[in-house]
Amino acid sequence: MTQPTIVWFRDDLRLADHPALREAAAADGPVIAVFVLDEESPGIRPLGGAARWWLHHSLASLADDLRAHRVPLVLRRGAASEVVPALADEVDAAGVVWNRRYGGPEREVDTEVKRMLREAGRAARSHQASLLFEPWTIRTGQDEPFSVYTPFWKACRRAPEPREPFPAPRGLSGPRTYPESDDLDDWDLLPTAPDWAGGLRAAWTPGEASARRRLRAFLADDVDDYADARDRLDDDGTSRLSPRLRWGELSPFQIWHAAVETRRERPSAAQGVETFLSELGWREFAWHVLYHSPDLATENWRRRFDAFPWPDLDTDALEAWQHGRTGIPVVDAGMHELWQTGVMHNRVRMVVASFLTKNLLIHWRHGEEWFWDTLVDADAAANPFNWQWVAGSGADAAPYFRVFNPELQAQKFDPGGAYVGRWAPDSGAFGSPEPIVDLRETRAAALAAYERVKRSG
């Protein structure tokens, strides 16, 4: 029997539009799929609790889909630079294929795996699958990475059209004997003591099939009004595709071409589709920034922001924010929505982030870490990128110090109070405490603190 090809799955938990799987299927031999839970490689960030919940269920769905093609999903735990070459030796693989990652530590791991495999005489190839445009291909006229979104996205739109998505491969076959695999339940990805994931189970069904259904429903029912409805809190018009992209249950190529096809078939959707595509562009921008600034989650992208005079951490204020007890209704509503569903409306994400960093003067890293632990769509690029954008330390930050007024935001985007009424009612389990800060006074304090950044150069 010919040697097998190993497909190393990572943040691409799907069969369709999976270039690495497509290459393996075209090879003359059986296919073995592997997922490595790597919490040991230097710099690899351990997953937060909500992300671990999603990963468990998405892996279970992927395993079922692969099993239907008689391909095993092998689960292994450990440093990937040790686990992947060892599995290749174990099954005498012809080679290992995977789709690219763009974080700094992840690229270092992938480079080392590729080196070890090739030294052992095995093939090792990677593919573009999670970004529409490779980070090294979109550059300014001065051959520099873009630091502002609008010219970045214009450059992307001038680039060649993203490729068409590939169908799920046919004719997959597994080996005669399956390699040993960990039991998914033994990884303890699900919360048990206590089980706080009831709201997540009610809100989501992870997996490729569910992701594709959601994309079809969004494009059929919601995209026409997306340009305006995406900001409304009282009638959520967002796509709810962010965790699908984060875990790769859908690829951006699938979403791009499905949206473009919708615009072609239904001209009334043109404005909504264009706005939606620009949101895909914002995701691309975040990943391009991370590629060129791998320390995005820990260091200010704008180094001059190091001069911002953060006061000593007020742990009581941080805890009030985390648990939705600030007394600012829309902020508390957002934090309750996050805890129960693992997501938060994007408009509210900006509001609660501004409140933490500007009104409470708590460093953006504390908010980024809380979102990393509680979001099912916690993304290594978008999460720190967006926190820094709101804080004022990131790429594409406004030329002024942006401070969202949560009361005005609620009046504009939740005028009838439906969102706040759902997630932070004035009475009931959550209660409605007095505001922990004065919005006007704390805004003035934040602006005064920013003056030090301006004076720093």
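A residue is called buried here when its relative accessible area is under 20%, and exposed when that value is over 50%. The model is a predicted one, and the cut-offs serve to read two of its helices, with a sheet taken up between them.

Helix 7 covers residues 208–221. By the definition above, its buried residues are Glu208, Ser210, Ala211, Leu215, Phe218 and Leu219. Looking down the axis of helix 7, these residues fall within an arc of 165°, so they line one face of the helix. On the face turned away from that buried side sit Arg216 and Asp221, which are exposed. The cover over the buried residues of helix 7 includes helix 2, helix 8 (226–229), helix 9 (242–246), helix 10 (252–265) and helix 11 (270–292). The length of helix 7 can be checked as well: its 14 residues should span 20 Å at 1.5 Å a residue, and the end C-alpha atoms are 20 Å apart, so the two values agree.

Helix 2, one of the elements covering helix 7, leads on to the sheet. Five strands make up this open sheet, in the order 3-2-1-4-5, with parallel pairing. Strand 3 (73–77) and strand 5 (123–127) are the edge strands, each pairing on one side only. On average, neighbouring strands in the sheet are turned by 25° against each other, direction ignored. Helix 2 (residues 49–67) packs on the sheet, where it touches strand 1 (5–9), strand 2 (31–37) and strand 3. The direction of helix 2 makes about 145° with that of strand 3. Toward the other edge, strand 4 (residues 95–99) runs parallel to strand 5 and is joined to it by five bridges. In this pair, valine 96 stands opposite alanine 124 of strand 5.

Helix 13 (residues 329–341) is the second helix to consider. From first to last C-alpha, its 13 residues reach 18 Å, close to the 18 Å expected at 1.5 Å a residue. Helix 13 is mostly covered, with 10 of the 13 residues buried. Val330, Val331, Asp332, Ala333, Gly334, Met335, His336, Glu337, Leu338 and Thr341 are the buried ones. They pack against helix 6 (198–203), helix 12 (315–322), helix 14 (346–359), helix 15 (364–374), helix 17 (406–413) and helix 18 (418–423). After helix 13 comes glycine 342, which has a positive phi, near 80°.

Definitions and conventions: Residues are numbered from 1 along each chain as its sequence is written. This is a predicted model: local features need pLDDT of at least 70, side-chain atom pairs count only at pLDDT 80 or more; totals for chains, interfaces and linings use all residues. Side-chain values use heavy atoms; hydrogens and water are left out. Helices (H or I, at least four residues) and strands (E, at least two) are DSSP runs, numbered from the N terminus. The expected span of a helix is 1.5 Å times one less than its number of residues. Buried means under 20% relative accessible area, exposed over 50%, partly exposed in between (1.4 Å probe, protein chains only). Contact means heavy atoms within 4.5 Å. Two strands pair if DSSP finds at least two bridges between them. Axes are lines fitted to C-alpha atoms, for helices over the stretch in contact, and angles run from 0 to 180 degrees between N-to-C directions. The arc is that of the directions from the helix axis to the C-beta atoms.
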